[in-house]
Amino acid sequence: MEVVPLKDPAAVASVAADVIEAQVRAKPATVLGLATGSSPVPTYDELVGRRAVSYGRVTVFLLDEYVGIPADHPQSYRATIRREVTDALGIDPGRVHGPDPSLLPAAGGSYEDRLRAAGGVDLQLLGIGSDGHVAFNEPGSSLASRTRIKTLTEETRRDNARFFASIDEVPRHALTQGLATLLDAGHLLLVATGEGKAAAIAAAVEGPLSAGCPASVLQLHPHATVLVDRAAGSQLARWEHYAEVYAGKPDWQGL
Ligand code: GLP
């Protein structure tokens, strides 16, 4: 795992956008895994502002989707990702895939089939929940899990209540890629900013590999990159070391 300590959220967005653009430049028919939540939004704004590469051949797969709200609900993750980034990048909505709650109980297997048929995710962008969840894999999720339905914790529903009129409207369930599904992606790129993520980042990066901190599964991936600003990295014991390694990176290496 490579931890990249950066000054602020703008620097995180800029480096994340560089990585995504480099991927699309190298492989125009990239399968991109995108995440919702507020962490990736500055990255999306950066990509849209730059429009530096053509996204016409890119296919997008979402990490997760709420269960219990209609597909056309403004807070459904498919609607959100189109609004936040894919429409503005010119990605045809037909190329934007998400787990489909209408297919339950077979929705998980069917999403895994679609991922496989597309050749798997090349680059997966991730955020992290304040309790260490990734996608909607809450603490306790099996490290071997595949796409399935999960019950959201009270903490996650409270965190996400800001997107709804009240916490009562936040769905109690979601379909989510599993932790083993995530490990199938070619490259995992996690972005985290702000003090509220500091404990989760420290646990994920420097703590033990444990279902108790689902994001620690990144430790099992041969190509995982974690971009953090000062606040999100404030509880990392090895911050100086990561800074030294990043500063000394050979120019040709990239992330
Ligand atoms: C949600 C999403 C995750 C996201 C997390 C953090 O629950 N399912 O993919 O990483 O919350 O969200 P935020 O970036 O808004 O803090």
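In which loop does R51 lie? In this predicted model, R51 is found in the loop between α2 and β3. Helix α2 covers residues 41–50, and strand β3 covers residues 59–62. The backbone at R51 deserves a look. Its phi is positive, at about 40°, although R51 is not a glycine. Most residues other than glycine have a negative phi.

A second backbone feature occurs at P105. A cis peptide bond joins L104 and P105. The omega angle of this bond is about 5°. Most peptide bonds, by contrast, are trans. P105 also lies in a loop, the one between β5 and α4. Strand β5 runs over residues 96–97, and helix α4 over residues 107–117.

The overall fold comes next. The protein chain contains eight helices and ten strands. Its radius of gyration is 17 Å, close to the 18 Å that the globule rule gives for 255 residues, so the chain is as compact as a globular protein of that length. The C-alpha trace spans about 50 × 40 × 35 Å along its principal axes.

The ligand occupies the space of the largest pocket. Around the ligand stand 15 residues. The closest are S38, S39, D64, R162 and K197. By character, the shell is mixed. Four of its residues are nonpolar, eight are polar and three are charged.

Three side chains place polar atoms beside ligand oxygens, each within the 3.5 Å cut-off for a polar contact. For S39, a polar side-chain atom lies 2.5 Å from an oxygen atom of the ligand. For K197, an N or O atom of the side chain is 2.6 Å from a ligand oxygen. For R162, the corresponding distance between a side-chain N or O atom and an oxygen atom of the ligand is 2.8 Å. The protein also covers the ligand's surface. Taken alone, the ligand exposes 390 Å², and the protein buries 94% of that area.

Notes
Residues numbered from 1 in each chain as written. Predicted model: local features only at pLDDT ≥ 70, side-chain atom pairs only at ≥ 80, totals over all residues. Heavy atoms only, no water. Near = heavy atom within 4 Å. Polar contact = N/O pair within 3.5 Å; in protein donor to acceptor, adjacent residues only side chain to side chain. Areas by Shrake-Rupley, 256 points an atom, 1.4 Å probe, with all protein chains shown as cover. 1 Å grid on protein atoms, 1.4 Å probe; cavity = no way out; pocket = protein on both sides within 12 Å on 5 of 7 lines; lining within 4 Å. Sits in = over half its atoms within 2 Å of the grid points. Nonpolar A, V, L, I, M, F, W, Y, C, P; charged D, E, K, R; others polar. Helix = DSSP H or I, 4+ residues; strand = E, 2+ residues; numbered from the N terminus. Rg over C-alpha atoms; globule rule 2.2 N^0.38 Å.
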